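Q: Can you walk me through this one? I'd like the fold, a helix and a strand or two.

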Amino acid sequence: MFPGGSLRSRQAMIRQEERKRVAEVVTVKFFTMLRKATGEQGYESSARTVAELLKEVERKHGDGVKRYLDNCIVLVNGKNIAQLKGKRTRLKDGDEVSLFPPVAGG
């Protein structure tokens, strides 16, 4: 018996930690004004949720992108997060996240 639990629970905990260490890569794509504000078409991220990804984009590119991120349309693999779990939508390896800022026109 190990301190704090059985050998089986310790092994399960180790497996869980190993899964966390495996880098999951999500492709992030910027469109229209977000592309202009960031100066790039996109990048690869290891964010686990849409909320985490949006915070990461803001940290990476500064306050200049925040105004676009607050109201942008977010698609995960072509599906609007409004139809999923919103900003709590979990991301997994290979997902593609597209960020579309609001556009005015007529």
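A: What follows covers the overall chain, then some elements and one residue; note that this is a predicted model.

Q: What is the order of helices and strands along the chain?
A: The pattern reads α-β-α-β-α-α-β-β-β, with four helices and five strands in the chain.

Q: And how much of the chain is buried?
A: Of the 106 residues, 27% are buried. About 7,500 Å² is exposed by the chain, and 51% of that comes from carbon and sulfur atoms.

Q: What share of the contacts with a separation of 6 or more is between residues 24 or more positions apart?
A: That share is 57%.

Q: On to S1. Which side chains point to which face?
A: S1 spans residues 26-30 and its side chains alternate. Val26, Val28 and Phe30 point to one face and are buried, while Thr27 and Lys29 point to the other and are not buried.

Q: Which way does S1 run against S2, parallel or antiparallel?
A: Antiparallel, with four bridges joining S1 to S2, residues 42-45. Ser45 in S2 is the bridge partner of Val26.

Q: And against S5, parallel or antiparallel?
A: S1 pairs with S5 (residues 96-100) in the parallel sense, over four bridges. Val97 in S5 stands opposite Val28.

Q: Different topic: H3. How far does it reach?
A: H3 covers residues 50-61, which is 12 residues, and reaches 16 Å from its first C-alpha to its last, close to the expected 16 Å.

Q: Which residues of H3 are buried?
A: Val50, Leu53, Leu54, Glu56 and Val57. Down the helix axis they fall within an arc of 160°, so they line one face of H3.

Q: What do they pack against?
A: The buried residues of H3 pack against S1, S2, H4 (66-69), S3 (73-76) and S5.

Q: Which exposed residues are on the face turned away?
A: Lys55 and Arg59 are the exposed residues carried there.

Q: What follows H3?
A: Gly62, with a positive phi near 85°.

Q: Last one, Thr38. Where is it, and is it buried or exposed?
A: Thr38 is in helix H2, residues 32-38. Its relative accessible area is 12%, under the 20% cut-off, so Thr38 counts as buried.

Q: Which backbone oxygens does its side chain reach?
A: The Thr38 side chain reaches the backbone oxygen of Arg35 at 3.3 Å and that of Glu40 at 3.2 Å.

Q: Leaving aside neighbours within four places in sequence, what is Thr38 in contact with?
A: Phe30, His61 and Val65. Of these, Phe30 is one of the buried residues of S1.

Notes. Residues are numbered from 1 along each chain as its sequence is written. This is a predicted model: local features need pLDDT of at least 70, side-chain atom pairs count only at pLDDT 80 or more; totals for chains, interfaces and linings use all residues. Side-chain values use heavy atoms; hydrogens and water are left out. Helices (H or I, at least four residues) and strands (E, at least two) are DSSP runs, numbered from the N terminus. Buried means under 20% relative accessible area, exposed over 50%, partly exposed in between (1.4 Å probe, protein chains only). A polar contact is a pair of N or O atoms within 3.5 Å; within protein, one must be able to donate a hydrogen and the other to accept it, and residues adjacent in sequence count only if both atoms are side-chain atoms. Contact means heavy atoms within 4.5 Å. Two strands pair if DSSP finds at least two bridges between them. Accessible areas come from the Shrake-Rupley method with a 1.4 Å probe; for residues, only the protein chains shown count as cover. The expected span of a helix is 1.5 Å times one less than its number of residues. The arc is that of the directions from the helix axis to the C-beta atoms.
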